[in-house]
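Q: Can you walk me through reading this model, one feature at a time?

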Amino acid sequence: MLLLLILLPLFAVLVLFFIEKTNLWFHRNFALFWSLLVFNFSILLLFVFDPTFSGFQLFCIIDWLVLANSSIVLGVDGVALFMIILTSFLVPVCILLSWSPTVKTNIKDYNIAFFVLESILFGVFCSLDLLLFYLLFEAVLIPMFFIVGVYGSRDRKIRASYLLFLYTLISSVFMLIAILALYFWSGTTDYQKLQTIHFDHLMVKFVWIAFFLSFAVKMPLVPFHVWLPEAHSEAPTSGSVILAGILLKLGGFGFIRYSVGLFPEASAFFAPLIFSISIFGVVYASLTTIQQIDLKKIIAYSSVAHMGLVTIGIFSNNFQAMLGGILLMISHGIVSGALFLCIGVLYERHQTRIVKYYSGLIHSMPLFTVCFVVFTLGNIGLPATSSFVGEILILVGCFEANSWATLFAGLGMVLGIGYSLWLCNRIVFGNSKQFSILEFRDLNRREFYTLFPFLFLTFLFGLYPDILVNFLRSSIIVL
């Protein structure tokens, strides 16, 4: 099933490749239909996945021709399962965004890029071989480079795409060196075999640092975050949705699967360093957010703060905090993606993302206002929204590990509430600025249907988080 899941988006690429660019009706409808088919197939994995079994499931073993006596092993646990479902959920949303009449990009190449990206991401989450994971982890850059650099909305999109490419590529070189060191030491890159091997303590620390540098850039943690606000501000709305929704989670997934999963002793040893970096990042990103005037950069810096909280949860070394970190990752993928969709709605109408041009949208766009307010409250972790469960579990678990870290993490969350409510109040309430925006249109049917699933999931996971917890519990026990 996992191999079929990876190949399904590639089949869509094959079909779209042979259809002329001028046939927009076919490209749009087939891409949307096929992406929804892939999403339904990923949901099917929930019914064949055993939540009571602590380990990897749905194995697929393929002969690996590059390394002698080795094979590609695919498998998923609860964490990878929901990362796959989140990916397949966001791709149809990104494809639906190309239906806007203002989009004048090459729809054929646009859809192909997202299907290629989806297939690569499935491979990243399913891979149980370190070398294959590295290759796919790097391959994600190729479609993202084109999504940001070709379909970006402003003049600095080339610079933003190069920042994204270079930061991730250079940092991942350290991970490649670490994987090669593990291979020459143990003779294998199989994840499950490496878990049973005892490595030299000094070597483990160096390997852990190499993995950390690679995943910290992807999260991103401060001070490795410079590429993210630039990439978000220049990317198209669909690029920002997939970037915030799933690509930032590659770092957190790597920390859980490889840093903690393979090297738990080294993770405990470096936990104070991680706490220091993450707390500084949460507070710094929150203070920086208040100074921003670009709507996308505000959400981008808030993502940096939330990823700092996720990292604190992952390295707190207890069940509650780890579970909270995973739940916050999933919630952030939903809420942050929805906020970027809302900003895309405004930019599509008025071609500006500067905060000062917006005010009093509640008078002219009431439906949009309801959606934006709900997602803003979800972003600050209001009770009954999905982020609340993750954040409270992180604080409870972190308090067991380090009470001072909990205090400063809570301070960062308070700052997050401040800038989120400031932004919401600034653009939603007050008097309409007729001198800067001459025409107002509320959400149309396509936009509402795109945002409604995000609204539903925000409240569903906030009111009934057991849907996620039941599948994640056994996977966290393994760690």
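**Reading the fold**

A: Buried residues make up 62% of the 479 residues in the protein chain, where buried means under 20% relative accessible area, exposed over 50% and partly exposed in between (1.4 Å probe, protein chains only). This is a predicted model, so local features need pLDDT of at least 70 and side-chain atom pairs count only at pLDDT 80 or more, while totals for chains, interfaces and linings use all residues. Residues are numbered from 1 along each chain as its sequence is written, and side-chain values use heavy atoms, with hydrogens and water left out.

Q: How many helices and strands does the chain have?

A: Helices (H or I, at least four residues) and strands (E, at least two) are DSSP runs, numbered from the N terminus. Here the chain comes to 22 helices and 2 strands.

Q: What radius of gyration would a compact globule with 479 residues have, and what does the protein chain have?

A: The radius is taken over C-alpha atoms, and the globule rule is 2.2 Å times the number of residues to the power 0.38. For 479 residues that rule gives a value near 23 Å, and the protein chain has 21 Å, which agrees. Along the principal axes, the C-alpha atoms fill a box of roughly 70 × 60 × 40 Å.

Q: What share of the contacts joins residues at least 24 apart?

A: Contact means heavy atoms within 4.5 Å. Taking contacts between residues at least 6 apart in sequence, 80% join residues at least 24 apart.

Q: How do I check the span of helix α1?

A: The expected span of a helix is 1.5 Å times one less than its number of residues. Helix α1 (residues 2-17) has 16 residues and should therefore span 22 Å; its end C-alpha atoms are 24 Å apart, which agrees.

Q: Where does α1 bend?

A: The bend at a residue is the angle between axes fitted to the seven residues ending there and the seven starting there. In α1 the bend is about 25° at L8, and a proline, P9, follows within four residues. Both L8 and P9 are among the buried residues of α1, which also include L2, L5 and I6.

Q: Why is helix α10 called largely enclosed?

A: Count its buried residues: 8 of the 8 residues of α10 (residues 227-234) are buried, so the helix is largely enclosed by the rest of the structure. The buried set includes charged-letter entries you can look up, such as E230 and E234, alongside W227 and H232. They pack against several helices, among them α6 (141-151), α7 (157-186) and α16 (319-350).

Q: How many salt bridges are there?

A: Side chains of opposite charge can pair when their charged atoms come close. The rule is a side-chain nitrogen of Lys or Arg within 4 Å of a carboxyl oxygen of Asp or Glu, and by this rule the count comes to 3.

Q: Which residue forms a salt bridge with R257?

A: D77 does, with the closest N and O atoms 3.2 Å apart. This pair links distant parts of the chain: R257 sits in helix α12 (residues 249-262) and D77 in the loop between β2 (70-76) and α3 (78-97), 180 residues apart. R257 and D77 are both buried.

Q: And what about E348 and E447?

A: E348 forms a salt bridge with R446, the closest N and O atoms being 3.8 Å apart. That pair joins helix α16 to helix α21 (residues 445-463), across 98 residues. E348 counts as partly exposed because its relative accessibility is 21%, whereas R446, at 17%, counts as buried. E447 meets R349 in a salt bridge at 2.9 Å, N to O. Here E447 is in α21 and R349 in α16, again 98 residues apart. E447 is buried at 5% relative accessibility, and R349 is buried at 13%.

Q: Where are the cis peptide bonds around P220 and P223?

A: Look at omega. The bond from M219 to P220 is cis, with omega near -5°, and a cis bond also joins V222 and P223, with omega about 10°. P220 lies in the loop between α9 and α10, and so does P223.

Q: Which residues does Y284 touch?

A: Not counting residues up to four places away in sequence, Y284 touches V222 and H225. The C-alpha atoms of Y284 and V222 are separated by 8.1 Å, although the two are 62 residues apart along the chain. Y284 itself is in helix α14 (residues 271-291).
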